[in-house]
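Okay, everyone, let me get the model up on the screen. I'll talk through the interface and then the empty spaces, and you can stop me whenever you like.

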Amino acid sequence: MTAIEPATLRSAAPSVWTRLRRRKLALIGLALIVLTFFGAIFAPWLTPYEPNNQMFDGLTLQGAPMPPGAQFPLGTDLLGRDLLTRILYGARTSLIIGLVANGVALVIGTLIGITAGYFRGFVGSVLMRLTDLMMAFPALLLAICLAAIFQPSLWIVALVIATVNWVQTARVIYTETSSLSQREFIAAEKTLGAGHLRILFRHILPHLVPMIIVWGTLGISTTVLLEATLSYLGVGVQPPTPSWGNIIFENQTYFQAAPWLVFFPGLAIVILALAFNLVGDALRDVLDPTQRGQDQ
Amino acid sequence: MINFLGRRLLQSALILLGVSFITFALLYLLPSDPVRQIAGRSATAQTVANIREQLGLDQPFIVQYWRYLMDLLHLDLGRSYLQKTEVSTLIAARLPATLLLMVGAISAELVLGLGMGIIAALRRGTMTDNSLMIASFIGVSAPQFVVGLLLLYVFAVQLGWFPIGGYGTFAHLVLPALTLGILGSGWYSRMMRSSMIDVLRQDFIRTAHAKGLSRARVLLRHALPNAILPVIAMIGIDIGIFMGGIVIVESVFGWPGIGQLAWQAIQRVDIPIIMGVTLVSACAIVLGNLVADIATLFADPRIKVR
């Protein structure tokens, strides 16, 4: 019995890819994600400038930022730094936070959801009431408070985002786990004397993998947006470390005269969040049986 | 029904209690000392100690929290540390602006979202459908400060159609409401589209067509009311998203609501105001969820009250 499940999972993978391949939007999303990773990893080779180098010729004679042109493709910011360079390095911030914060949130959400769904009873209802409580929190306000309380660094921001972002996953996993726990094969395992841990990790978790992948992908989009918002308010990633949100934060006083300083980093945020949304949505159609048939 | 309502109300009260506890605990753990800030840099140790005692901040955590709860029962949210005003007065003064923004935002997202969803469902599989759904994806992927700043740049700075910020006339409301509405419309259009497609598939729609009703009548009298109800029931849940957005949108547009109040309070560590706004927002969210639950019951009589 135990041998069957991993085998079905593996054999499902190619069919997922074939079905995903037929969706143009998902492929576009995937391409945009790959492009962002490429830009983030190879940033030093893609641009001749340094992200924190305040260049003398990066400002006009009046000391204003340079508009997009031949020398600086996307212009410069108010300190004379190359905007394209900062956006490329900023992609690192977004991706690191997107992956770390979302990873932590996913682990917390899955653990809480699976525990509450499997054990139910007292533990289950305490955990789910905690989830309800988090749902009632104005998440952004909580995140801003937390970020303002702690000295914000990259990792603190990631943790703050994770603390407010696990709720959705926990609820989805909870619903799925509690319906799985009712199924016969779980009862059979129990009769055979399998321990709780064995049932949870060998039998329930593998069934949740598709759902975790879907919510993990969609969650990166939320995380990227939240990081950008916190950094825009000045309580997220701190300058001079470039982040798409804090580029806008630093330059917004100039934005009427130099709109590209808001437009390009803003566009980068939208593109990355959109890409993960497109891929996540397609994955949900392909992987999540409860959602199937909605989009045909 | 009464039973259900009673249980849900009790649950909501407990949730609010939990929110108040967590927020209070978080702010208690704050490394910065509010008393130092009130007293100013040159205050003597004696003054600082006096103020601390006066505010009851020398008491242990549980005592402070208990006092806060007891005051809360009398709708007393305490006094702002820096503005020397009752927090409830400050919030009450700002609340109408936020409520107005909320009405504007919900109208914007319903008109945009339902409109896009209905058109997409009727033109299913065409270019129109695809473009509308891509637009809705962009709507949910765009952070509100970017949307707000872009709308400001195009419609206020360049075209001059709307004021750059502030509060007062209908023209002031348009851009902030639209900023909040664009995010919501992304969700609504997708829900509306799939709800409409579900309804159009039903037997009674085929019957309506078969008995010779005009296409417009089938859509307006038979399909639309059924498709819209479950979507409208979501408005309650929307309030949570709205409450998250007001801090951003109000600070981008200089809208004098409770979001701006909260943001200023966070920057100055004015704890009673932060507490107050968090609780008011949590109340709105809990109330919204309650309304959503009840609305769903009415929207779909097949759902049994548990």
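So, how many salt bridges does the rule find across the interface of chain A and chain B? Just 1. Arg190(B) pairs with Asp281(A), and their closest N and O atoms sit 2.9 Å apart. Keep in mind that this is a predicted model, and that side-chain atom pairs count only at pLDDT 80 or more. With that same kind of limit, both residues at pLDDT 80 or more, polar contacts between chain A and chain B come to 2 residue pairs.

Which parts of chain A do the touching? Helix 5 (121-136), helix 6 (139-149), helix 10 (196-233) and helix 12 (260-287) of chain A each put at least two residues into the side that touches chain B. Helix 12 of chain A has the largest share of that side, with 11 residues. Sort the side of chain A by class and you get 29 nonpolar, 8 polar and 4 charged residues.

Now the area. Chain A and chain B bury about 3700 Å² between them, and carbon and sulfur atoms give 79% of that. On the chain A side, Leu141(A), Ile149(A) and Phe255(A) supply 15% of the area chain A buries against chain B, more than any other three residues. As for head counts, the contact takes 41 residues from chain A and 43 residues from chain B.

Okay, on to empty space. The structure holds 3 cavities of 30 Å³ or more, and the largest cavity has about 80 Å³ of space in it. Where's its lining? In chain B: helix 5 (87-122), helix 8 (170-200) and helix 11 (235-253) each supply at least two residues. Among the lining residues are Glu109(B), Gln144(B), Leu180(B), Asp238(B) and Phe242(B). By class, that lining has 6 nonpolar, 2 polar and 2 charged residues.

Last stop, the second largest pocket, with about 830 Å³ of space. There are 30 residues lining this pocket, and Leu55(B), Leu57(B), Gln64(B), Tyr81(B) and Pro272(B) are the ones nearest its centre. Helix 1 (2-28), helix 2 (34-39), helix 3 (45-54), helix 4 (61-73) and helix 13 (271-299) of chain B each give at least two residues to the lining. Which helix has the largest share of the lining? Helix 4 of chain B, with 4 residues. And the class split for this pocket lining is 15 nonpolar, 7 polar and 8 charged residues.

Note on methods. Residues are numbered from 1 along each chain as its sequence is written. Chains are lettered from A and ligands numbered from 1 in the order in which they are written. This is a predicted model: local features need pLDDT of at least 70, side-chain atom pairs count only at pLDDT 80 or more; totals for chains, interfaces and linings use all residues. Side-chain values use heavy atoms; hydrogens and water are left out. On a 1 Å grid over the protein atoms alone, a cavity is a set of points where a 1.4 Å probe fits but cannot get out, and a pocket is an open set with protein on both sides within 12 Å along at least five of seven lines; lining residues have an atom within 4 Å of a point. Grid points are joined across faces, edges and corners, and a volume is the space filled by probe spheres set on the points. Ala, Val, Leu, Ile, Met, Phe, Trp, Tyr, Cys and Pro count as nonpolar, Asp, Glu, Lys and Arg as charged, and the others, Gly among them, as polar. Contact means heavy atoms within 4.5 Å. Buried area is the accessible area (1.4 Å probe) that two parts lose on being put together, summed over both. A salt bridge is a side-chain nitrogen of Lys or Arg within 4 Å of a carboxyl oxygen of Asp or Glu. A polar contact is a pair of N or O atoms within 3.5 Å; within protein, one must be able to donate a hydrogen and the other to accept it, and residues adjacent in sequence count only if both atoms are side-chain atoms.
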